[in-house]
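Here is a friendly walk through one structure, written to be read beside the sequence and the model. Please keep both in view as we go from strand to strand.

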Amino acid sequence: MAAGGTDMGPEGPGADERSGGLRAALAGLTTRGRSFLAAGMAAAVCSYVLGQADLLRVGLLLAALPLVCVAVVHRTRYRVAGSRRLAPARVPAGSEARVHLRMDNVSRLPTGLLMLQDRVPYVLGPRPRFVLDRVEPGGRREVSYRVRSDLRGRYPLGPLQLRLSDPFGMCELTRTFSAYDTLTVVPRVEPLPPVRLTGEAAGYGDGRHRSLALAGEDDVIPRGYRVGDDLRRVHWRSTARYGELMVRREEQPQRAHCTVLLDTRRTAHYGSGPDSAFEWAVSGAASAAVHLLERGYAVRLLTDTGSSVPGPDGGGGFAGSTHDSAETAGLMLDTLAVVDHSDGGGLSPAFEVLRGGGEGLLVAFLGDLDEEQAATAARMRHRTTAAVAFVLDGAAWSRGAEFGGAQELEEPLRRLREAGWTALPVGPGASLAQLWRQADAQGATRADAGGPAVGGMTGSWT
């Protein structure tokens, strides 16, 4: 939550002081106030033409009433403080968030009737408006409303607006607060089944969860004994060799790595909107990343442009230790909330990143692949321990028809599988959880058939 519970000072003529001048107050005349003023002026002119003194009195009364109301509103000195709280500040697409607004009267005078309005983007729903009764000195009023979006993104909420009005409805002035909050709508995350995949490889399998040490008993790197070292860490073989007390260094755990590759090329996806192929791919990448982070993998999110999250600052962009997996998942979801189509023409930038550090498992969500891009994707497999590809059938998604096969994807799928990928076609409305199980079964079939063990999805995804 951003700025939750903080006082928001108004910009310009705020709710806590006079401002703007009389011209701004006159501009706040409502249709009723302008009508009274026009009627009064017309009556005054008619009284002069017709020589009716009584009509002049009526005209002056009609014209004076809105002007008095303008003066009263102009001199209003309410001191109010407002705050906004989001619950939660990050929601999946299609879910609701509740926005809580709170107004505090911090002056010694009671307020009149207040009209409260919050600015929200149209994709979140209608603009909320509230009418607040008289607020006593030191009192508060709390209201709330719900927002919902089927589209990913970061949406600003605010600034909050407060309308002051006179009892006759002749004049209204809007006071605007400066603070605003941001609602982040992230992709939907589909729970994936825990599966045990065949073809165990180095760095994976059951031993992965035990954090294998880089140095074993027979390949230890000792150092000299220091006061306070645990005597149980004394390495007697090295002690005898060097003639002084030697202890084992702290073992550094080796963790399984995974790269989630998202193809964002504009030419690789058809259509737009919540049910488009691109949105399915974004949701699939989010689901896979969160699933693997929860199971102890160090995960990196990579796009076709070569940009990675969390970034290349450490470990080749991989992150997600037991202490920061939730933070890493949040960072990736925030990135996927605003990811959009790229204008790139190929997967070469992503291949270069993988060539520089592409160890571990590779899970790719790919759009349409021509011959050149299929060859580039096939080469990615040789830089990883195992590779799984979910290839979207753009033609089927664009037609919106049922997925009847993968004729258009036959050649790209063949090339990927020959290179050792576990490749699956994805049609409209496909369930990632079901495809996840199919990928496991396909990897097991390849291993049983005597194919290359690394061609299947090696390791444990439990």
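## An enclosed strand and its partners

Six of the six residues of E19 are buried (under 20% relative accessible area with a 1.4 Å probe, protein chains only; over 50% is exposed, and in between is partly exposed), so this strand is largely enclosed by the rest of the structure. Before going further, a word on the source: this is a predicted model, in which local features need pLDDT of at least 70 and side-chain atom pairs count only at pLDDT 80 or more, while totals for chains, interfaces and linings use all residues. Residues are numbered from 1 along each chain as its sequence is written, and side-chain values use heavy atoms, with hydrogens and water left out.

Helices (H or I, at least four residues) and strands (E, at least two) are DSSP runs, numbered from the N terminus. In a regular strand the side chains alternate between the two faces of the sheet. In E19, Leu361, Val363 and Phe365 are buried on one side, and Leu362, Ala364 and Leu366 are buried on the other.

Which strands pair with E19? Strand E16 (residues 257-262) does so in the parallel sense, over five bridges, and E20 also pairs with E19 in the parallel sense, over six bridges. Two strands pair if DSSP finds at least two bridges between them. Cys258 stands opposite Leu361 in E19, and Leu366 stands opposite Val391 in E20.

## Aromatic pairs

Rings of Phe, Tyr and Trp (its six-membered ring) pair if their centres lie within 6.5 Å; planes under 30 degrees apart count as stacked, over 60 as edge-to-face and the rest as tilted. By this rule the count comes to four aromatic pairs. Two of them are set out here.

| Pair | Centre distance | Plane angle | Class |
|---|---|---|---|
| Phe130 and Tyr145 | 6.3 Å | 40° | tilted |
| Phe365 and Phe390 | 5.1 Å | 20° | stacked |

Phe130 lies in strand E6 (residues 129-132) and Tyr145 in strand E7 (residues 140-148), so this pair links distant parts of the chain, 15 residues apart. Both Phe130 and Tyr145 are buried.

Phe365 belongs to strand E19 (residues 361-366) and Phe390 to strand E20 (residues 386-392), so their pair ties together parts that are 25 residues apart in sequence. Phe365 has a relative accessible area of 0%, and Phe390 likewise has 0%. Together with Trp280 and Trp436, these two rings form one aromatic cluster.

## An open sheet

Strands E2, E4 and E7 make an open sheet of three strands in the order E2-E4-E7, with antiparallel pairing. Its edge strands are E2 (80-87) and E7, each pairing on one side only. E2 and strand E4 (residues 96-105) are joined over eight bridges, and Ser83 has Arg102 in E4 as its bridge partner.

## Cysteines and a helix residue

How many disulfides does a search of the whole structure find? It finds zero, a disulfide being a pair of cysteine sulfur atoms within 2.5 Å. The sulfur of Cys171 is 7.7 Å from the closest cysteine sulfur, in Cys69, which is too far for a bond. Cys171 is buried, with a relative accessible area of 0%, and Cys258 is also buried at 0%.

Leu56 lies in helix H3 (residues 53-74) and counts as partly exposed, at 35% relative accessibility. Leaving aside neighbours within four places in sequence, Leu56 is in contact (heavy atoms within 4.5 Å) with Ala44 and Ser47.
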